Amino acid sequence: MIGNVPLRRRRGSPRRPRGSAGPRPATLAGPLMVLPCVGLLLVFAYWPVVRGVALSLYDTDLLGDPTRFVGVAHYVDVVADPDLQRALLATGTIAGLSVLLSVGGALAAALPLRRAARKPRAVVSVLLSLPFAYSAAAASAVFAGLFAPAVGTLNQVLTHLGVTGPQWLQSPAWAVLSISIATAWYEFGFAFLVLLAALSQLDQEVIEAAALDGASGLRLARSVIIPMLRPSLVFLLVTQTISGLQVFTQVQVLTRGGPAGATSTLVYELYQRAFGEALPQVGLASTLAVVLLALVLVITAIQFRVLRRWA
């Protein structure tokens, strides 16, 4: 009531019963719409993790069903088995090399395009982002043709230049580098697109002010542009490391873990123990999955802690 004139309720507005303290229907819409996503995450993300941790504590039969409780015996095997130790080393090496090659290559490719004309920049951007459209299997098949020892394209080019090409997939050291190169090329397109988008959002006034102060070329990139790209670089370092730790397809297509197990990663060992042997070791394979998950979590936490200050 305003003065002596009573306020009328607007037509169509809902009446709330007196004493009702329950939530309005609108406040329940959000949680109800999120429930399907939560259900899918529980079924396809969190339950497999719980199941994997449980299976890692058991020996299993041919069907993967638990038969005998062994506790942490499988975890002791992971630490004591030389093959699994070598797989841990190969996983870390391939992940580190592929991250350096993909992020460094994407940064080197994106920086020159900052000042390119619009049409050439669009054409080059499409060409350089093409690896993002490939599947890991298709990309690995391409590199199998490049790295082939006798008829491989790379060694044929080197032969024409008077250089003897290396044994890309037959030498342990070269095989690790080959897997890293193939992985970096496959991840390059995503890193390039992220950095290209970040470059388009930079504050041009800061860059112009630095240019007026005499900064140009490498000095401008090193002292101004790259520091402004730090958040995007941190994002790429974290995500690319996670992808590098899960390399499987490149190993399966190019080397199948060889030579002499040099390129056998944790995921490849997991696959072999669960599906590639006559007697499946699902319990040990589950242990490797848990170890890989713990490794990813620890490395990601360290990266966030160390890179947060830098970003």
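In helix H12, which covers residues 266-276, the buried residues are Leu266, Val267, Tyr268, Glu269, Arg273 and Ala274. Keep in mind as you look that this is a predicted model. What do the buried residues of H12 pack against? Their partners are H3, H10, helix H11 (249-254) and helix H13 (282-310).

Let's move on to the nonpolar core. The largest one has 27 residues, and those touching the most other members are Leu111, Phe192, Leu195, Leu199, Leu220, Ile225 and Leu229. Five helices each give two or more residues to this core: H3 (82-110), H7 (172-200), H8 (204-212), H9 (217-228) and H10 (230-245). H7 provides the largest share, with eight residues.

Leucine 195 is a good place to zoom in. Setting aside neighbours within four places in sequence, you will find leucine 195 in contact with Val103, Ala106, Leu107, Ala110, Ser232, Leu233 and Leu236.

Now try glutamine 240, which sits in helix H10. Is glutamine 240 buried or exposed? Its relative accessible area is 2%, and buried means under 20%, so glutamine 240 counts as buried. Again leaving out neighbours within four places in sequence, glutamine 240 is in contact with Val99, Ser102, Val103, Glu187, Phe190 and Ala191.

Alanine 108, in helix H3, gives you a contrast to glutamine 240. Its relative accessible area is 52%, and the exposed class begins over 50%, so alanine 108 is exposed. Compare its place in the chain with its place in space: alanine 108 and phenylalanine 192 are 84 residues apart in sequence, while their C-alpha atoms are 9.3 Å apart.

Next, see how pairs of helices fit together. Two packed helices are described by the angle between their axes and the distance between the axes. Start with H8 and H9, whose axes come within 11 Å and cross at roughly 165°. Angles over 145 degrees count as roughly antiparallel, which makes H8 roughly antiparallel to H9. The crossing of this pair is right-handed. On the H8 side, Val206, Ile207 and Ala210 meet Leu220, Val224, Ile225 and Met228 of H9.

A second pair to look at is H4 and H7. Their axes come within 9 Å and cross at roughly 150°, so H4 and H7 are roughly antiparallel as well. From H4, the contact uses Arg121, Ser125 and Leu128. From H7, it uses Phe188, Gly189, Phe192, Leu196 and Ser200. You have met Phe192 before, among the core residues that touch the most other members.

Finally, turn to the aromatic rings. How many aromatic pairs does the structure hold? There are 12. Take the one made by tyrosine 134 and tryptophan 185: the ring centres are 5.3 Å apart and the planes stand at 75°, so the pair is edge-to-face. This pair links distant parts of the chain, with tyrosine 134 in the loop between helix H4 (118-128) and helix H5 (136-147) and tryptophan 185 in helix H7, 51 residues apart. Tyrosine 134 has a relative accessibility of 38% and counts as partly exposed. Tryptophan 185 is partly exposed too, at 30%. Both belong to one aromatic cluster, together with Phe143, Phe147, Trp168 and Trp174.

Methods. Residues numbered from 1 in each chain as written. Predicted model: local features only at pLDDT ≥ 70, side-chain atom pairs only at ≥ 80, totals over all residues. Heavy atoms only, no water. Core = buried A, V, L, I, M, F, W, Y, C linked by side-chain atoms within 4.5 Å. Buried < 20%, exposed > 50% of the residue type's maximum accessible area, 1.4 Å probe, protein only. Helix = DSSP H or I, 4+ residues; strand = E, 2+ residues; numbered from the N terminus. Contact = heavy atoms within 4.5 Å. Phe/Tyr/Trp six-rings, centres within 6.5 Å; stacked < 30°, edge-to-face > 60°. Axes fitted to C-alpha atoms, helices over the stretch in contact; angles between N-to-C directions. Parallel < 35°, antiparallel > 145°, perpendicular 65-115°, else oblique. Left-handed = near helix turned anticlockwise from the far one by under 90°.
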